[in-house]
Every structure is written in C-alpha cells, then in structure tokens.
Amino acid sequence: MRPWLPSLLLLLTGCGAFEMHPYEVRGGERDSNARAVERLQQRMSSGPFRFAVIGDIGIFQGSSEAAVRDLARRDVDFAVQMGDLTEFGSADEYKWVSKLLSDASVPTMAVIGNHDMVGKGTELFLARFGPKFLSFEHGGSRFVLFDSNSREYDFPGDVPDLARLGQALADAPPDGHLFTFSHVAPGHPDFDPALTGPLEELQSERGVTVSFHGHAHRFQSDERQGVRYFVTDALDIRSYLLVSVEGPSVDVEQVFF
C-alpha cells in the first residue's frame, strides 16, 4: 500500500477535491454485489451465455463510463470488474463507482483491489459491495471472486484463502465451467510467492476453466497446468474482455470501445 496516499488525500480535501470526511462509511449504495447477483438470478440461463470482464477503473472515470455504456450493446448477461475501483479508497470514489456499476445495464459485481484498501477503503468496500469472497452460479457454471492482494497484508500466508477457494471450487456444478476472479494474478510480485504454486495447483486440480485478473494494467494471456489465465487492460486502454460460453466451448475475446 502506498504510505503517502492518506497524506495526499488530506491535501486534496483541503483543496476541495474531496468531501470533508474522505473515509466516511455511512450512507450510499449498499451490498452492490449481492444486489447484482439477485438481478442476475432473474435472468437465469440454461443455454449459451456471455459475460464481460472489465479492468481497473482508478482515475479513468471517463473511460469507465464509456465501458459501462458499451456493455449495453454487447448482449452480455453480466459483468465482473477486476478491482481498483478507486485510486485512493475514498468515500467519494466509492460513492461514484458503486452508483456507476449499480446503474449499469447488466448486473455487475466487483472484486477488491489494492487501491481499494487505502485508509478505510476496505471498510468502505465491505459496506458498498459486500464480502470480499463471493461465489455464485449462472448457466450451469460457477463463478468465484476472492481477495488476492497479498502485499497489502504483508504476505501473511493466507491471502488468498486457498482453503475457502478450494471448498467453493469443490462444490461446483458437475457439468459446468469454473471461473475465478481476483485482482492480483499469481506470479506477480504483489501476490504471495509462497502461494503461487499452491493456487495454480489447486485451480488445475479442481478443473478451473479460466482465471481472470487485473492490477498490471495491460492485457496478458497464458496457460498454466491446463488453466487459462487472463489479465485485463486498465480502462484507460478502452478495452475489456468478452467471454462467450456454449457447452464445452469458452471463447475469450479482447474488445475495444
């Protein structure tokens, strides 16, 4: 976590850039992820479906608004945002981004990013979006969102929580796909190096189809132990991932807007 960010926030507050209490937790949209899942359950699908994976928002508000508008023309069932919803973890940023995603044309869930944890950012995320671990099903497949911001906890050895992840993956539908989502990809310096191998082995053993991540700000794609890994562009690049699922086929396409 950047130690100078809270001081910068205080400076910006004095300049009127943010509200007087930049980490105020009360008020505003609540439990956005749970409400998005409820919206998604109203459009359950047993056949082919599509979803979008959108990258870091941070300070790229204009591009983020354009990305959300673009979702409306892509015929997707839902979207997952890959963390760094905010730059400074402030109440104003959380207020803006939770409304942006709640008002999107499709249900949109979010994972927590390292920038979202600055100051009282984690508390704000829990209030605005809900628990950092989320599992849901759609179209006969399972989707698991979790916290992989190991460095923010000083590499304690249990971030990400592989026991909980393993349980969620073990209980998955027998004939569907498994998709996982977290901000920091295994192998990145901000991911606990002691857990990179165990996570990749776990995902391989459980048969995860695709593992999605953000944080690095530039598109990446590779395969490890039979599992496909994708890192999304940050939204300043004006691209996101479009995933089409039809039976055993899963196509991941980088689209631009």
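These questions and answers walk through a predicted model of one protein.

Me: How many helices and strands does the protein have?
Reply: The model is predicted, so the counts belong to that model. The protein has 257 residues, and 56% of them count as buried. Its elements are 7 helices and 11 strands.

Me: What share of the contacts with a separation of 6 or more joins residues 24 or more positions apart?
Reply: Start with contacts that have a separation of 6 or more. Then pick out the pairs 24 or more positions apart. Their share is 74%.

Me: How much of the accessible surface belongs to carbon and sulfur atoms?
Reply: The accessible surface of the protein comes to about 10900 Å². The part that belongs to carbon and sulfur atoms is 50%.

Me: In what order do the strands of the 5-strand open sheet lie?
Reply: The pairing in this sheet is mixed. Strand 3 (108–110) and strand 11 are the edge strands, since each pairs on one side only. The twist averages 20° from one strand to the next. Read across, the order is 3-2-1-10-11.

Me: Which residue stands opposite arginine 50 in strand 10?
Reply: Strand 1 and strand 10 run antiparallel. They are joined by 5 bridges. Opposite arginine 50, in strand 10, stands serine 244.

Me: Which residue in the hairpin of strand 10 and strand 11 takes a positive phi near 60°?
Reply: Strand 10 and strand 11 (residues 249–256) run antiparallel, with 8 bridges between them. Valine 245 stands opposite valine 250 in strand 11. The hairpin has 2 residues between the strands. The residue with the positive phi is glycine 247.

Me: Are the residues on the two faces of strand 6 buried or exposed?
Reply: In a regular strand the side chains alternate between the two faces of the sheet. Strand 6 (residues 178–181) has Leu178 and Thr180 on one side. Phe179 and Phe181 are on the other. Both faces are covered, and these residues are all buried.

Me: Which helix does the chain pass through from strand 5 to strand 6?
Reply: Strand 5 (residues 141–145) and strand 6 pair in the parallel sense over 4 bridges. Valine 144 stands opposite threonine 180 in strand 6. The β-α-β crossover between these strands is right-handed. The chain makes it through helix 6 (residues 162–170).

Me: What is the bridge partner of phenylalanine 179 in strand 7?
Reply: Strand 6 and strand 7 (residues 210–213) also pair in the parallel sense, over 3 bridges. In strand 7, the partner of phenylalanine 179 is valine 210.

Me: Through which helix does the chain cross from strand 6 to strand 7?
Reply: Follow the chain on from strand 6 to strand 7. This β-α-β crossover is right-handed. The helix on the way is helix 7 (residues 193–206).

Me: Why does serine 141 count as buried?
Reply: Serine 141 is found in strand 5. Among the residues it touches are Phe49, Phe136 and Phe179. Buried means under 20% relative accessible area. Serine 141 counts as buried because its relative accessible area is 1%.

Me: Why does glutamate 205 count as exposed?
Reply: Glutamate 205 lies in helix 7. The cut-off for exposed is over 50%. Glutamate 205 passes because its relative accessibility is 61%.

Me: Which helix gives the most residues to the largest nonpolar core?
Reply: The largest nonpolar core has 28 residues. Leu71, Leu85, Leu101, Phe129 and Tyr240 have the most contacts inside it. Elements that give two or more residues include strand 1 (49–54), helix 3 (61–71) and helix 4 (91–102). The top giver, with 5 residues, is helix 4.

Me: How many of the 8 residues of helix 5 are buried?
Reply: The buried residues are Gly121, Thr122, Leu124, Phe125, Ala127 and Arg128. Their cover includes helix 2, helix 4 and strand 3. Helix 5 is largely enclosed by the rest of the structure, because the number buried is 6 of the 8.

Me: Which residue with a positive phi follows helix 5?
Reply: Look just past the end of helix 5. The phi there is positive, near 105°. The residue is glycine 130.

Key. Residues are numbered from 1 along each chain as its sequence is written. This is a predicted model: local features need pLDDT of at least 70, side-chain atom pairs count only at pLDDT 80 or more; totals for chains, interfaces and linings use all residues. Side-chain values use heavy atoms; hydrogens and water are left out. Buried means under 20% relative accessible area, exposed over 50%, partly exposed in between (1.4 Å probe, protein chains only). Two strands pair if DSSP finds at least two bridges between them. A crossover is right-handed if, with the strands pointing away from the viewer, the path from the first strand over the helix to the second runs clockwise. A nonpolar core is a set of buried Ala, Val, Leu, Ile, Met, Phe, Trp, Tyr and Cys residues joined through side-chain atoms within 4.5 Å. Contact means heavy atoms within 4.5 Å. Accessible areas come from the Shrake-Rupley method with a 1.4 Å probe; for residues, only the protein chains shown count as cover. Axes are lines fitted to C-alpha atoms, for helices over the stretch in contact, and angles run from 0 to 180 degrees between N-to-C directions. Lists of a residue's contacts leave out its neighbours within four places in sequence.
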